[in-house]
Amino acid sequence: MVCSPLTKVVHHSHLKGQRQAEERTLRLLNIVYFILGLYNLLMERTMNVSLLSNSPNQTRRVGYWLGRLLRAGDIVLLKGKFGAGKTCLIQGIARGMKIREPVTSPSFVLANEYQPDDRRQGIPLYHIDLYRITDEDEAIGFGLEEYLSGNGVSVVEWANHASDVFPAEALHIELTLVDDHTREINMCAQGQRYIDLLEQLKDTLSKERDHAARH
């Protein structure tokens with residue numbers, strides 16, 4: 001069979017199209033493998049700790065020791081229903097950061113800034129409440145990113161309302177109602193800084209529990 005010039009052109013164009021499709025598929029696969037690699041790397045750099053709190057004061061105590069360990073630039077993302085103990089935890093964090101003024105959930109503003117008694121030695125606490133935020137654009141619009149990149153500690157309630165805004169590395173805390181008095185506190189550290197932080201917190205709480213048992 002003798003191919004006409006037109007047949008040769010069509011055949012060449014078909015082969016070229018096949019090669020381009022194969023190259024696009026290969027590039028897409030490389031991207032997928034790269035993303036999966038990053039995901040696996042991130043998952044390897046996580047740590048989970050769960051504990052029970054039997055009273056608001058115990059929740060504040062957990063927050064207190066966490067506050068003692070936090071440093072400028074840290075991000076704590078909170079999740080939990082109304083009454084789960086988020087505000088109690090933040091009150092404890094503030095006390096651990098040597099902040100004496102009363103801490104309440106922001107009612108008519110999206111963020112409250114609390115300063116330590118001695119500003120020369122302490123750092124501010126940015127208490128952010130995203131309950132009224134409906135999407136990431138609103139969160140960015142009110143200045144959330146400025147708080148996250150500030151020189152204080154950002155503690156965010158209802159962080160799931162704008163989850164895509166936050167960096168991959170953070171300390172995630174979910175508080176769950178078990179009964180009228182008991183709360184389950186689940187903490188997930190993502191990133192080496194927060195793994196180290198959670199290791200320290202776990203060790204501190206264990207020592208405090210052992211000390212209380214001996215006395």
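A crossing of two helices is called right-handed if the near helix is turned clockwise from the far one by less than a right angle, and left-handed if it is turned anticlockwise. I begin with that convention for the sake of one helix pair in this chain, where α2 passes α3 in a right-handed crossing. Before I go further, please keep in mind that what we are looking at is a predicted model.

Let me stay with that pair for a moment. Helix α2 covers residues 56–69 and helix α3 covers residues 86–96, and their axes come within 6 Å of each other while crossing at roughly 40°. That angle makes α2 oblique to α3. On the α2 side, the contact is made by Pro-56, Thr-59, Arg-60, Val-62, Gly-63, Tyr-64, Leu-66, Gly-67 and Arg-68, and these meet Cys-88, Leu-89, Gln-91, Gly-92, Ile-93, Arg-95 and Gly-96 on the α3 side. If we sort the residues of this contact by character, we find seven nonpolar, six polar and three charged.

Now the chain as a whole. There are six helices and seven strands, and when we read along the sequence they come in the order α-β-α-β-α-β-β-α-α-β-β-β-α. Of the 215 residues in the protein chain, 36% are buried. If we consider the contacts between residues at least 6 apart in sequence, 67% of them join residues at least 24 apart.

That brings me to the salt bridges, of which a search of the whole structure finds five. Side chains of opposite charge can pair when their charged atoms come close. I will go through three of the pairs.

In one of them, the side chains of Arg-45 and Glu-169 meet with a distance of 3.1 Å from N to O. Arg-45 sits in the loop between α1 (5–44) and β1 (46–53), whereas Glu-169 sits in the loop between β5 (153–157) and β6 (170–177), so that this pair links distant parts of the chain, 124 residues apart. Arg-45 is partly exposed, with a relative accessible area of 29%, and Glu-169 is likewise partly exposed, at 29%.

Another pair takes us back to helix α2, where the side chain of Arg-61 meets that of Glu-208 in a salt bridge of 2.6 Å, again from N to O. Here too the pair links distant parts of the chain, with Arg-61 in helix α2 and Glu-208 in helix α6 (residues 192–214), 147 residues apart. Arg-61 counts as partly exposed at 37% relative accessibility, and Glu-208 is partly exposed at 25%.

The pair I would like you to look at with some care is Asp-74 with Arg-193, whose closest N and O atoms are 2.6 Å apart in a salt bridge. Asp-74 lies in the loop between α2 and β2 (75–79) and Arg-193 in helix α6, and these distant parts of the chain are 119 residues apart. Are the two partners buried or exposed? Both Asp-74 and Arg-193 are buried.

Asp-74 also appears among the contacts of Ser-154, a residue of strand β5. Leaving out residues up to four places away in sequence, Ser-154 touches Asp-74, Ile-75, Val-76, Tyr-126, Ile-128, Tyr-147 and Leu-148. Ser-154 has a relative accessible area of 0%, and therefore counts as buried.

I turn now to the backbone, and to two residues other than glycine that have a positive phi. Lys-98 has a phi near 65° and is placed in the loop between α3 and β3 (111–114). Trp-158 has a phi of about 55° and is found in the loop between β5 and β6. As for their surroundings, Lys-98 counts as exposed at 55% relative accessibility, while Trp-158 is buried, with a relative accessible area of 13%.

Lys-98 leads me to the last residue on my list, Pro-116, which lies in the loop between β3 and β4 (125–129). Which residues does Pro-116 contact, leaving aside its neighbours within four places in sequence? They are Met-97, Lys-98, Ile-99, Gly-122, Ile-123 and Pro-124. Pro-116 itself counts as buried, at 6% relative accessibility. The C-alpha atoms of Pro-116 and Gly-96 are separated by 9.9 Å, with their positions 20 residues apart along the chain, and Gly-96 is one of the α3 residues that meet α2, which returns us to the helix pair we started from.

Methods: Residues are numbered from 1 along each chain as its sequence is written. This is a predicted model: local features need pLDDT of at least 70, side-chain atom pairs count only at pLDDT 80 or more; totals for chains, interfaces and linings use all residues. Side-chain values use heavy atoms; hydrogens and water are left out. Axes are lines fitted to C-alpha atoms, for helices over the stretch in contact, and angles run from 0 to 180 degrees between N-to-C directions. Helices (H or I, at least four residues) and strands (E, at least two) are DSSP runs, numbered from the N terminus. Angles under 35 degrees count as roughly parallel, over 145 as roughly antiparallel, 65 to 115 as roughly perpendicular and the rest as oblique. Contact means heavy atoms within 4.5 Å. Ala, Val, Leu, Ile, Met, Phe, Trp, Tyr, Cys and Pro count as nonpolar, Asp, Glu, Lys and Arg as charged, and the others, Gly among them, as polar. A salt bridge is a side-chain nitrogen of Lys or Arg within 4 Å of a carboxyl oxygen of Asp or Glu. Buried means under 20% relative accessible area, exposed over 50%, partly exposed in between (1.4 Å probe, protein chains only).
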